[in-house]
Amino acid sequence: MRLKQLRLLFEAKTERLRSMKKEAIEKVCKSVLRKVRPSKREREEVLSFSGSLANELAKKLRSKKIVAEVMVEGSVAKDTWLAGERDVDLFMLLSTKYSKEDFPRVLDVVKDFVGRGWREVYAEHPYVEADLKGYTVDFVPCFKIRKADEVVSSADRSPLHTAYVKAHLSEAMKDDVRLLKRFMHGTNVYGAEIKVKGFSGYACEVLVLSYGSFFEVLKAASKWMHGHIVDVEEFYEDSKEEARMLFDSPLIIVDPIDKNRNVAAAVSMKKLGEFVAASRAFLGFPVEKFFYPPETKPLAASDLPQEFEARGTDVIFLVFNRVDVAPDVLWGQLWKSSESLRKLLKRNDFQVINTSAWSDEQAVNVLLFELEDALISQSKKHVGPPVISGYAEKFLKKHVGVERTISGPWIEDGRWMVLLRRRFNDATLLLREKLKDGGIRVGVGSKLVKGIRDNLAILKNGEISNFYSSNTDFARFFTEYLQGRPKWLSS
């Protein structure tokens, strides 16, 4: 009887704690919603601006004998944008009697319509971006299709996405999408662009549709494992392994309008892990900091020497000019180059602790490599084949009496050994030598080669101080790098 009473008391206490936690979550969410839900006035202004712009552009296209529907798409059309966001997507839907070769003619009309200040941006095909009356507007040509298997360009799906979300997302769910977007912004996992490799706005909408609310998304996400499948239309309900083989991705969110597309294809393992960890942490300790983390205050440049000394590592910075390419192309090139140079350092026996990259996307780029030591011993012990191996003779011919051989070969534990002089024992000298031609032979992205060849500074540790002092955005980035933890983990 005593054990039964204790169990009942424990269950009652657990239920009270669960109830208190749920109340705390609801309180935080209500506070955040007051900030992220657009006011009536803002909603009217955004819808009036975007609707009027669409109508005016449609008239302009007609005057140039181009038959197209101009539609407002994206979060504005779905009513899931966050208060204060000033991004509008206008899609020009062409009939399939047109082809992709007609897109430049459509964009020429857009450029004339916008006037000055437009920017041509490249994804699968070009589109135009412009700043108009305080809004950033994307003008995207696409084809009008009825279903996903008619897709000609990837942009063709967007109107289908809009129609699907508008048909299935309730008014309450729109606020849940806003909470999820803001949570992902605050935990630094929002954005499907190559720079971030995180979650898109459409992914947020599909997650809320799948689980029903912001709270349920986090509850589910806190238990996700690699290869988890979210499939709101249950395309793969009886064939989950087929989906995993088809997509081969850390997270699979099956597009409800296209069973052959993974909405979470951009999400890296790192960003998935960060979202899972943040979801668990928020459910355990719900505070507004997950949505609105404190702004990073850069360390004083005078504090950097102490930071480097405390770490006991060497940080090498490659600073070079930005190249004139679209941000997604730039970041793809930066990540590719970073990985190639990491492998170069590793092949030459340098222990790489971490790598990162920064760019202002206008004038300058930085690749960062943190090493256990930038200067290692001049020699290394090289293990050869077993003495009884058929490769022994070849090993001896390669190493006996050559300049790089300092000592040996000798036999140890039944294998040939040799002490070799390293080609490079200084990481900065290795990088300088391999990058003097821009690095094309060691895997540097082709778009970066000229900037690296013509204007590269290789800086180590405190040598970055002047650049750090003159660039607040970089200083903030590097301070966060040194801290090395999500902001929600800060005390």
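Tutor: Let's start with a term: partly exposed means a relative accessible area between the buried class, under 20%, and the exposed class, over 50%. Bear in mind that this is a predicted model.

Student: Okay, how does Glu 433 fit in, and which residue forms a salt bridge with Glu 433?

Tutor: Glu 433 has a relative accessible area of 35%, so Glu 433 is partly exposed. The partner is Lys 436, with the closest N and O atoms 3.1 Å apart. Lys 436 counts as exposed because its relative accessibility is 54%.

Student: What is the general idea behind such pairs?

Tutor: Side chains of opposite charge can pair when their charged atoms come close. Here, the structure holds 35 salt bridges. Take Lys 381 and Glu 412, which meet at 2.9 Å, N to O. That pair links distant parts of the chain, with Lys 381 in strand β12 and Glu 412 in strand β13, 31 residues apart.

Student: Is Lys 111, which pairs with Glu 120, buried or exposed?

Tutor: Lys 111 is buried, at 16% relative accessible area. Glu 120 is partly exposed at 30%, and the two side chains meet at 2.7 Å, N to O.

Student: And Asp 426: what is the nearest side chain of opposite charge?

Tutor: Lys 460, but it is 5.6 Å away, and buried Asp 426 has no salt bridge. A salt bridge needs the nitrogen within 4 Å of the carboxyl oxygen. What Asp 426 does have is a side-chain polar contact with the side chain of Thr 428, at 2.6 Å. Asp 426 lies in the loop between β14 and α14, and beyond its sequence neighbours within four places, Asp 426 is in contact with Phe 350, Ala 374 and Leu 375.

Conventions: Residues numbered from 1 in each chain as written. Predicted model: local features only at pLDDT ≥ 70, side-chain atom pairs only at ≥ 80, totals over all residues. Heavy atoms only, no water. Helix = DSSP H or I, 4+ residues; strand = E, 2+ residues; numbered from the N terminus. Buried < 20%, exposed > 50% of the residue type's maximum accessible area, 1.4 Å probe, protein only. Lys, Arg positive; Asp, Glu negative; His and termini not counted. Polar contact = N/O pair within 3.5 Å; in protein donor to acceptor, adjacent residues only side chain to side chain. Contact = heavy atoms within 4.5 Å.
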